[in-house]
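Reader: I'd like to go through the labels on this one and hear what stands behind each. Shall we take the empty spaces first and then a single residue?

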Amino acid sequence: MLLELFESLKGILKIDPCCIDNNVFRLHYKVTVLMLAGLSLLITSSQLFGDPIDCISNDDIPHELLDTYCWIHSTFTLPGALHKKVGVEIPAPAVDKYTPGDERVYHRYYQWVSLVLFLQAILFYVPRYLWKAWEGSKIKSLVMDLNTPVLTVDKKNETKCILVSYLKEHFNNHEMYFFYYFLSEVMNCVNVVGQMYLMDTFLGGQFTTYGTQVLKLSEMDQEDRVDPMVKVFPRLTKCTFHRYGSSGDVQRHDAICLLPLNILNEKIYIILWFWFVFLALISGLVVIYRIAIIIWPRPRLLLLRFRSRLADKRDVNFIIQQSKVGDWFLLDLLSKNMDSVHFRDVIADLRREVETMKPLPKTQNLPIRGASST
């Protein structure tokens with residue numbers, strides 16, 4: 001049954017034939033989208049979890065009517081009863097007799113959890129969608145057949161000549177291409193941080209400290225513990241139903257409601273808290289890394305040399321000296337998608353073509369240990 005439930009999500013795990021991003025980017029639009037969409041489907045599966053709410057009352061109110069009313073109008077708990085002893089003073093945490101003036105916390109989120117998770121999945125895919133639109137299959141069209149290690153001599157020379165000709169003609173004209181990718185990575189970082197605050201608002205200001213409160217729980221004495229998961233996702237809540245009595249007066253009926261889905265919701269959001277914190281940290285580091293790449297040429301040289309280990313170091317150094325960050329980024333993506341031997345030849349040919357360009361762009365002093373720059 002679970003396999004059938006997630007059958008529609010298998011396309012997200014499909015490996016793209018052309019790589020136009022990095023592993024951190026894929027954590028956003030593959031892993032996180034799959035996680036959120038899968039959890040949304042899991043919650044909406046009534047076959048697995050049955051009724052989302054069950055309310056009981058000592059009065060003669062029909063069971064179905066009470067369930068529907070409490071589901072629509074939300075239930076509540078009493079924070080002042082959190083520290084009372086369960087089974088002695090109160091039947092469940094934060095469930096106590098209500099008197100006018102007592103603080104009440106209403107829980108409306110459970111109606112919208114599946115929809116909000118699905119919306120979050122869409123938001124995590126937006127930067128990927130925009131980057132694909134901006135990228136316009138450029139890398140795929142430039143690579144052609146050079147990702148295949150075995151090519152005929154004529155085919156190899158033809159495709160290599162086309163690629164080198166393009167790189168020479170558009171040399172130092174790929175700044176916007178890099179900017180769009182950098183903007184997409186910034187969007188990833190802003191999105192994950194923004195969604196943490198979105199969930200905090202959705203859960204009544206409880207999400208940002210949710211994970212730390214759960215961690216602190218294990219360090220507290222048993223008598224002093226107030227489970228934050230029960231506080232945010234109570235299993236039992238209260239509901240008040242009003243109706244006219246036989247004499248025309250308004251009668252108040254208190255009910256206790258069981259929310260079985262909260263057993264799942266509390267696990268979902270503790271997982272999401274740790275995942276989002278991790279994702280926000282590494283996304284922030286990626287943005288810092290990109291800024292360093294922009295203002296400091298040396299990492300570009302080291303990264304391109306790492307990608308093209310078969311290429312002559314002097315060729316790589318010369319190209320980095322003459323190129324801007326946009327051309328480096330394009331070559332970095334090409335190195336991920338091309339056969340290493342073909343990429344070595346492209347680097348060598350590109351160096352010869354760039355040397356013929358007059359005037360050459362202003363060079364940058366990037367010495368290579370053990371090799372001289374020409």
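Reader: How much space lies in the largest cavity?

Author: About 40 Å³. Bear in mind that this is a predicted model.

Reader: And what makes a space like that a cavity rather than a pocket?

Author: A 1.4 Å probe fits in a cavity but cannot get out, whereas a pocket is an open set of points. With a cut-off of 30 Å³ or more, the count comes to two cavities. The second largest cavity holds about 30 Å³.

Reader: Which residues line the largest cavity?

Author: Asn22, Val24, Phe25, His28, Glu185, Asn188, Ser283, Val286 and Val287. Helices α2 (23-44), α8 (175-202) and α11 (261-295) each give at least two residues to that lining.

Reader: What makes one residue in the lining of the largest cavity charged?

Author: Asp, Glu, Lys and Arg count as charged, and Glu185 is in the lining, so Glu185 is the one charged residue there. The others divide into four nonpolar and four polar.

Reader: How do you know that the lining of the second largest cavity has no charged residue?

Author: Go through the names: Pro52, Trp71, Tyr110, Leu259, Leu261 and Asn262. Charged is kept for Asp, Glu, Lys and Arg, so none of these qualifies. The split is five nonpolar and one polar.

Reader: On to the pockets. What is the volume of the largest one?

Author: About 290 Å³. Of the 19 residues that line the largest pocket, Val105, His107, Leu203, Gln206 and Lys231 are the closest to its centre. By class, the lining has twelve nonpolar, four polar and three charged residues.

Reader: What about the second largest pocket?

Author: Its volume is about 230 Å³, and five charged residues sit in its lining, alongside three nonpolar and two polar. Helix α5 (residues 113-135) gives the largest share, three residues.

Reader: Now the single residue. Why is Asp315 called buried?

Author: Buried means under 20% relative accessible area. Asp315 comes out at 12%, so Asp315 counts as buried. This residue lies in helix α13 (residues 313-322).

Reader: What makes the pairing of Asp315 and Arg351 a polar contact?

Author: The cut-off is 3.5 Å between N or O atoms, with one able to donate a hydrogen and the other to accept it. The side chains of Asp315 and Arg351 are joined at 2.9 Å, so the pair falls within that limit. Asp315 also touches Ile347 and Ala348.

Technical notes: Residues are numbered from 1 along each chain as its sequence is written. This is a predicted model: local features need pLDDT of at least 70, side-chain atom pairs count only at pLDDT 80 or more; totals for chains, interfaces and linings use all residues. Side-chain values use heavy atoms; hydrogens and water are left out. Helices (H or I, at least four residues) and strands (E, at least two) are DSSP runs, numbered from the N terminus. Buried means under 20% relative accessible area, exposed over 50%, partly exposed in between (1.4 Å probe, protein chains only). Contact means heavy atoms within 4.5 Å. On a 1 Å grid over the protein atoms alone, a cavity is a set of points where a 1.4 Å probe fits but cannot get out, and a pocket is an open set with protein on both sides within 12 Å along at least five of seven lines; lining residues have an atom within 4 Å of a point. Grid points are joined across faces, edges and corners, and a volume is the space filled by probe spheres set on the points. Lists of a residue's contacts leave out its neighbours within four places in sequence.
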